[in-house]
Structure formats: C-alpha cells, structure tokens
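Please open the model in your viewer and keep the selection panel at hand. The stops below proceed from one whole chain to its parts, and then to its partner.

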Amino acid sequence: MKNNLFSKIAVFAKKYKVYFIAGIVLGLVGSLLNVLIPNMVKNIAALISESLYTNAMDFHSIRVVAIKTAIVIIISFITSYFGAWCLTVGGQNMVKDIRSALSDKTDHIRMNYFDTTALGDTVSRMTDDCDAFSAAISSNLGKAIFSIIIVLGCLLVTFVINPLLAFCSIVSILLGLFINATFAGMGSDSIKEQRRLLGNMNGMINESISGHMLIKTFNGEEEVLEQFDKKNQDLSSALFKSQFFISVLTPFMDFVSNFTYVVVCLVSGIMIIHGKMQIETLVAFILYIKMVTSNLTQIIQALGSIQPGIACAERIMEYLELEEETDEGREDVSRALGDVEFKNVRFGYAEGQIVLKDFSAHIKPGMKVAIVGPTGAGKSTLINLLMRFYELNSGSIIVDGVSIKDIPRSRLHDLFAMVLQETWTFKGSIRENIVYSTKDVDDEKLNSAIERAGIKFLVDAMPQGVDTVLSETANVSSGQKQLITIARAMLKNAPIMILDEATSSVDTRTEKLIQKAIDDMTKGHTSFVIAHRLSTIKNADVIFVLKDGDIVETGNHEQLLKAGGFYSELYKAGLDAS
Amino acid sequence: MKKIAGLLSFKEYMYMLICVFLIVGQVFFEIKIPNVMGELTDLIYSGNVDVFKQISYGITMFTYAAASLVFSFLVAFLVAKVGAALDSKVRKATFTKIMDFSLKEVGDFGTSSLIARCTADIYQIQTFFVNGFQLLIKSPVMIIWVTVQISSVNVYYRSATITAVAILVAVLSAVAILVLPIVNKAQYAKDELIRIDREHLDGIRVVHAYNGYEKQKERFEEANERITSLLLRYDKSSALFAPFSNMVMYSLTVIIYIIGAHIVADSDESLRAGVSNEMIVFVSMLSMLISSCIYLILVMVLLPSACVSFKRIAQVLNKKIEIIDPEKAAAKDPGIHGSLEFRNVSFMYPGSREYAIKDISFKMEKGETVAIVGGTGSGKTTLINLIPRLYEVAEGQILVDGVDIKKMKLKELRNILGYVPQKSFLFAGTIVSNISFGDNGKLKQTLEEIVKAARLGKADEFIRTKQGGYDAVVEEGGSNFSGGQKQRLTISRAICRDPEIFIFDDSFSALDYKTDKTVREGLRQTLSGTSILMVAQRISTIKSADKILVLDNGKMVGMGTHDELMTSCDVYREIVLSQTDTEATG
C-alpha cells in the first residue's frame, strides 16, 4: 500500500527529478561538510594547545587551517542553501501539478460521486491536504533523507573501528528506537483519528457558514452551537493525544542518546583497562555516536511532519483514483439536426430506486418538447441522461442516428445549450460569465445575447457595464442571475436547447419577452423545456406528461386537454386560481 | 491579540507558568549532563582504572538524563493540554462570532474566506503554539544563563560574539519582515483558490454542458500559478535561515580561535594554559548560545504565517456586528399577533450608490395574506430580508406586532417569523433534524408535530417512500433530494416553527401548480390565524391575496387587491396579461 503510494507520488515527482536529485546531492554535500567543520575547527584548537608545549605559536599553520575552514564554511552554506532551494522549487511545482491534476480530475469523475459526497470534504482534499503534503515534502523529506544517509555512514564507520562497541551502541539505540516506535504507533492512530475529526469539524463549519442566513432566521444558533461544541470537544481531546505523542518523541530520543553514551563509556572503560582498546578510539566513537543520535532525532522530527503528509497524500490519491466517466465514443455526428430518440430507457440513481421505468420517445428535428409532471417525477433526470451525466441501466438514447455512448462526450455537449434549474455564476465579470467557454465571441454577438436575454438594462446600470465583476456581495438578484445564464446559453447557440426551469425566478413579463427570443432562436432547432408555468409550454409541439417514472400522456396542448387526463388536471390547477 | 489571549482561562495560564518552571529545570539538567559527561570522559582519558567510580558517574548521568526526560514529558503534557484548549477555544469563539454576524458582515468577508479563517487559520495558530511555545521559553533561558556565564571573559571575545549575534539577528529578522507580506498575500491567494474549487464543484454540470473545462482550467491555473509563486518566494527566503545561522556560528568560532591564538601568544608564559582553557570553555558556551539563537530564529520562520492567521482571526473577532439586540427591548403588546408594517422604508446595499428599495409603506394584519410581485431585480427579496433583520433598514421603520424591529430582541423577532428562502438549503442530518431545525421559543417539536408540518408542506408522501422514512439521511447540501423535494422540506420546516407570520420568498417556484395550490390551501385552512407575506411570480398563486404590492425598480407602484390593481396599475396588468392571455385562450 505504502510502496504503491510512493510510486504514485513518483509519477508527479518525475517531471522535476532534476531539481530533486540536485537538491538531494547538494544538500548531502552541505550536510557532510557540516560534519567536517567541527573537526577542522578542532584542528585550530589543537594548534593553539600545541603552542603551550612548543612555546611558539604557529600562526602560519593556523592561518592555513582557518582559511581552509572558511572556504568549507562558505561552500557548505552555498550548497545547503541551493540544495534547499532546489527541493523547494521541485516540491512546490510538483504540488502545483498535483493541484492541477485534482482540478482536472473533477471534470472526469462520475456524477454520482458529487451526489453523495460533501463539497467541503472534496475542497479540503484539493487545498488543505495539498498544503500538508507540500509542507511534508518541501522541507522535511530532504532532512530525513540526509539524516538517514549520515546515520548509515556513521554506523558503517563505527563497525570498521570497533565491532563490539558498535554492536553495544546499536543494541542500545535499537532498544530506544523500539520504545519510540511503540509510542509513535500509538501516536499515529491518534493522529489519524484527529485528522478524521478535523475533517468532520471543517465539514460542519463549511455547512454552517454557507447556511448562515437560515440558521439566523430559525434561531438555530443554539442548536448548531451545541453540535459544534460536541464535535469541538472530541477534536480537542484527540488533538491533545496526538500532540502529546508527537512532542515526547524528541526528549525521548535525547534520553536514548545519553543512555547510549553511558553504555559506550562504561564498556570502553572496561575494555581500555583490559588493554583491548585505545583511548583515541573512544574519542572518535563518542563523536560518531553523537552524530548518529542527533540525526536520529532529526529523522524522528521529520517523520512527525511526514506522517500526516502521507495521510494527506493518501486522500489525494484516493480522489485521483476515483472511477471516471467512460468516454470511449469515437463516432461523430456529421449532421447535427437535433433528432433525439429515447429507446426503452430505464434508470435509477441508486440501486433498487428506479426513477425512469421504460421511457421511449422520438423527437424529430426542430420540435419543441415540453416535459411536465409533478415534483420528483423524473423530469430533470431525463435531461441528465440526455447529457450523459449518468449511465443508463438499460435502453439507449440516440442523437442524430448515433447512440450517445458512441459520441465523444465533449462533442455530445457541443450539441446542447442548456440552462439548469440551479443557476451557476462565478466570481468574474458579467462578460466572462456570459461568454464562458464559447469561442470567437465579438462584442456584437455578446450585445445581441445580452439584449435578447433581457439584461441590457441591468448591464447598463452596472458601474463598469459588462465588465462589472459578479461577486457574493454584488446585488444581482437570483432572477438576474438566471437571465445571465440564459444569455450564456443563447450565445452558445447549439443545435439542441435545454431549459430546465430556466425562468422560474424571472418575472412573467420578462419571461415572456425572453420566451419570444428563445422561440425565435430555436426555430429549426430542437428544444426541451421543463417548466411549471403552463404559458411556457403551451405552444410546444409535443408535451410529455411524466408521473412516477413513466410517460402517462403524450400529445400537444389541445389533444391533452381534450383527453381530460392528468395534464388537464394540472392545467386546471393553474387556471383555477388565475 | 488581546481578545485571543483573553480566551484562555486561569488554569491554562497556570499550566503555562508551571511549564516555564519545568523548562528552567530541564535546562539545568541539560547543562549538567555535558559536565558529567566531560568528567566521565576525562576519567577514562586519564587511564583511571576505578570501575566503581566510572559506574557512579554513569549512574549520575543516567539519573540526570532520566530527570530531564520526566521534565520533558511533563512539559509535553502541559503544552499539549494548553494547545488543545487554545485550539478549541479560538475555534469556538470564531465560530460563535460568525454565527452572530448579519448578512452584511458575512458579505464583507466572503463565505469562503470565513470558512478558511475558521479552519486553516486556526490550525496554523495551534501548530505555532505547540511548536513554538517551548522554544520561546527555553531559548531565552539558555541565552540568559550562558550570557551570565561568559560576561566575565575578555572584551575581544565579547565584542566578536555580540557582532556575530547582531549580524545573525539583523539578517534573519530582515528576512522574516520581508517574508511577512508574502505570507499575507499567500493566505489570500489560498482563499481565492478555495473559492475557485468550490465554484467548480458547485457548477460541475454546467462545466460539462458547456465543455467549460478549458475556461475552468484557465481560471484555476491562474490562481494556482499565483499561490505557487508566492509560496516559492516564501520558501526560498526562509530556506536561508538554517544555513545562514550555521555559517555565522562556525565563522564566529574560527574568529574566536584566531583572536585566542593572538591572546595566548601575547600573554605571559605562566598564564598561557589558563588563557587557552578560558578560550576553550568560551567556545563550548558559544555553541550553546548560538544554538539557542538558532532555535529562537526557527520560531521566527513559523512566526509570519502564524501572525497573519492571528490577524485574520482577530479581524473576525473584532468585527463590529451592526445588527444586535437593543439595549432595552420594548415590551410587546401580548394582544397583537401576526401584524407587520413598513413605514417609508428605504435600503441601499453596502458599497452601492443606488437604493435597492425606496420609500415602501404597507400594512399587514393578523391572518392576512400579502403578496409581492414585480420584475426581476425589483427588490422583492431585499424587502423580505429586511424583516428578520438580516440587513438593517437605512431609513424608515419596520414594525412587527406593533413594535419597531430594531427595538425587539432578535430571537423574539425571529420566533414570530417562519421564513422560506428562495434557494432551498438543507443541513446534513436526518429529515427530522431538518424539519425541526432551530428554536421557536417553545418546546422542541414532537414527531407528531413534525409529521403534521410535513403533511401540510406536502412532503409527507415522498418522505415515506425514502429508506428510513423520517429518519432518512440528508447529505450535506441535501444532494440526495430533487429540487422540488428540497423546497417542500424547507416549507415544512417553516410550518413546523408554528410562526405568527410566514415569509415565502418565491418558495413555490419548483412546485407544480397542483402542489403549489394544495400547500397554500392547506395553510389557509389549518392555520387561518397566521399571516402570510409572499413573493411569487405566478398570478394564480397571488390572486387570492388580501393585498398585493407591485414593485418596480425598488419603488412601490401599486397596492391593492387583484381586481383593484387590474384597473389601477399598469405594471400589474402587464404582469397578469403576460400570464393569462395565452392561458385563457386554452
């Protein structure tokens, strides 16, 4: 699993391998030189001590050693800094690529994922997890690698010098590491628990801030705060545990270091007495032991940050490996006329909950199709299927003679211009929101779409006109937002138009004007309209009346009224009151 | 800053104080250990064969090490305790404050920025505390202790040391100060990135439908590029800290030795050994001094981002909330229920120069239904948002049950209202928790009352088909319900409050005509004493209202019954005609 994770990360690291390799090599040179410097400095001290016996200060030698040391110090500084620089550049760029990959992935994930996953959770994978991962690799991974190499080197040297002593010290270090690992094991469980609770907490904060207005108007503050308090307390105790385990690791390692020192001194003391060892060996030994333990501390500290980084990387990779929509279609629709056929379509969002049972219909090019029916009858579902947001359980949908499964997705989407029930605008200028992904738009086309969508007045009243930025605080009403999305669809001007409750928040006068503009535009184009306002659907060529996943009636307005069925019932409900 | 410091209790400050003492003790042992270590090494170097003496030194050292370990454990325990408390208290204070905000304050910050402040920024502060606190205490203790020890040495060493430390502190502080604005910018760039991600996920269907992948990518990459370049600038500068400190420390040691060589050579032969010893002791002290400085500076690396987070949270905590309870709430006449009056009300959005609604006056009595119609952007929602005081009226007065809403406790005011917003919003939880959401100043609703409300809201039938019925799970944002179902649940939620006044902001738009009609008729029959204020587009929905207000461009252009307005109000007639001319012919 872990190996697997590393190979997945390696895919992203590959592009910056020059930086990573250079960073590690430079960093390694830097830290090895750093190990050398204390010895060189000691040489100066030794020269001074010597003068106490020779009575002559050897300034020349001191100068030579000092200059050599200075050069090493400067080289060490430069290599260490540029090593870190390379790792940073490689690491940050790699994380940037990972962020892009996450964002790209969003466009390929199956739609059911978003139906069942909290938005906040996905956002936190794309941002917080990336940050934690980047922190783990950009500074700590390098540190850990240098330290591991130094430790291995030192151990090798100690074994060459004196195997028995090396063995003693390794046993004592291993003992320490074992206890430490037990601690870390306990800690890693609580770190996982803490991260889970934190994700949970953040999900709730997300929701409460988004639903702020409702909480206020329902006096729900206390209820929300009560839930919040419970979550916050759980998080706090998990945080305490994980924090405690993390911060005892370093002092514990110090203790191991001191303990090892005592062991080495005692063992070597005995060996020296028995004439099995030279004092000089001990001096060297102590130096190396110190180096080993201090680097082990570094490793453990780095691991403390790498561990959550790994957990985050797992979450990132989990998202990147979600099942994708298939896009195997290679056939093109040569004549985009707008001929649509539903053949025995059966579909449900979840297993065992069938929304459409056996839907069949043939829509000829240029027809205006209206879909009516009570709430939850499956009207929007039909549109979702036409756009291939979901896969059918059985049956097929054929557009201009080609099954939608055989058309590349982006080509299929090109055939449609749609306005959805839930208006979607983003922070950007009105122009950007309307043009969106449509190519080759000049001012003339843009202005005509603005005019036909009935927002010319709105745009003119804006301080920067069409370049005014739509933001959370800008006072554009929901109806106006809907009109902006209609302008977006008008500008796209695709063979098939889909309007799912597109004018529900627009007042009827404006709607009527827009309706006329849409009718003009869709002349010769196929269009699908879902609406509750019967005025919108009356002049449709064919009306499908949906109820409980089946078409219960088909026909035009007059025919359906005459039939006196479900449609006429719905229609009368609207008419009665008016 | 003060505000955040004030969040911690006396107990936690005591913990911190105890920590300080423990750390001093720990420093004591830490300094002792090398001493004993040195003596033990000397003993072995000198060829002393006394094994017992060796063992006794070993035991002493072991004891010191163990004591230091125990102290460290205690410090770790206390720091983790205080850190966890700090984290949960700051989060609670921030969250509670945000819950107190009105829409204006939320708008001032932006939703995603508030979310980031309440999550990532708090995490940042907590991390800084647990990593920084110990170093912030330990390093000065070490520095002071060492400084006292070396204050007696000769002036050359001292001036060299002071110069080096000064250079170190100056360069690194300069870097830290330069880095601060970058961190600040990076935090805001992150807010931006989060917003774009949220928008992308929110509009995923539109992105697909328009093949908007490239456009989305373009927007995302711009933000991604920006944050990466900021983080790179930050990392490149802060990568300087460790190597630079090392360089200064080693250079200083070399300089001290060179000075030392001259001093030793110049001094009297009999004094040379002593002078040389003094030099060696000084250098060993020096490494402690410098490493303490380095630790202190390491804290500096963490400091800028913690500072920015601190500031961002303080901004939230210090934000003045404009809509608050009145100091003295006016007494409400218990005899009046469900009346609403607007007296010359005008309102302007913050940052806007035009009135969103201007000079609106009308009155609604108990049990009446008042409908508001008007063109897109004519100020209908604005007018409605003023009633629960989501925004503050700029001019004029709104009276609920005869009392100016500014003189009423917010809770009391909102208990009177049953509000259904334009955009349905469900909370993660169950159907029951959603319908019974909130507090209406009465006892928590029983399941019976909840079912009754769901029946009236026409939600009962589809709830029963859901797995688990009333205990069916609602995902975040209600993503497992259709648009119409969500709307019916939010209507049921308002009914469940048993309010005096219903406020419907175009709340029937996702319902078919039949359901729309049944819900309204049900309300009128069962809750005849409850007033209803509603925004609606459909003439069929509003026709039977006792009073209809016609808004146009924020101004009221007509008020009366359907029949009155048909003769007196051009705008109204146009609206009606736009709906009925085609329908009537059918």
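**Chain B: overall architecture**

Begin by selecting chain B and colouring it by secondary structure: 21 helices and twelve strands are assigned to this chain. Please bear in mind throughout that the model is predicted.

Next, orient chain B along its principal axes. Its C-alpha atoms fill a box of roughly 120 × 50 × 45 Å. The radius of gyration of chain B is 36 Å, whereas a compact globule of 586 residues would have a value near 25 Å.

**The two domains**

Select residues 154-307 of chain B, which the domain assignment gives as domain 1, and then residues 340-585, given as domain 2. How many ångströms separate the centres of domain 1 and domain 2 of chain B? Taken over C-alpha atoms, the separation is 58 Å.

**Packing within chain B**

Return to the whole of chain B and colour by burial. Of its 586 residues, 50% are buried. A contact map of chain B adds a further view: among contacts between residues at least 6 apart in sequence, 78% join residues at least 24 apart.

**The interface with chain A**

Now display chain A together with chain B. The selection to make here comprises 144 residues of chain A in contact with 156 residues of chain B. On the chain A side, highlight helix H9 (residues 221-273), which supplies the largest share of the residues touching chain B, namely 30. Finally, colour that side of chain A by residue class: 67 residues are nonpolar, 56 are polar and 21 are charged.

Definitions and conventions: Residues numbered from 1 in each chain as written. Chains lettered and ligands numbered in written order. Predicted model: local features only at pLDDT ≥ 70, side-chain atom pairs only at ≥ 80, totals over all residues. Domains from an automatic or database assignment. Helix = DSSP H or I, 4+ residues; strand = E, 2+ residues; numbered from the N terminus. Rg over C-alpha atoms; globule rule 2.2 N^0.38 Å. Buried ≥ 20, exposed ≤ 12 C-beta atoms within 10 Å, placed from the backbone. Contact = placed C-beta atoms within 7 Å. Nonpolar A, V, L, I, M, F, W, Y, C, P; charged D, E, K, R; others polar.
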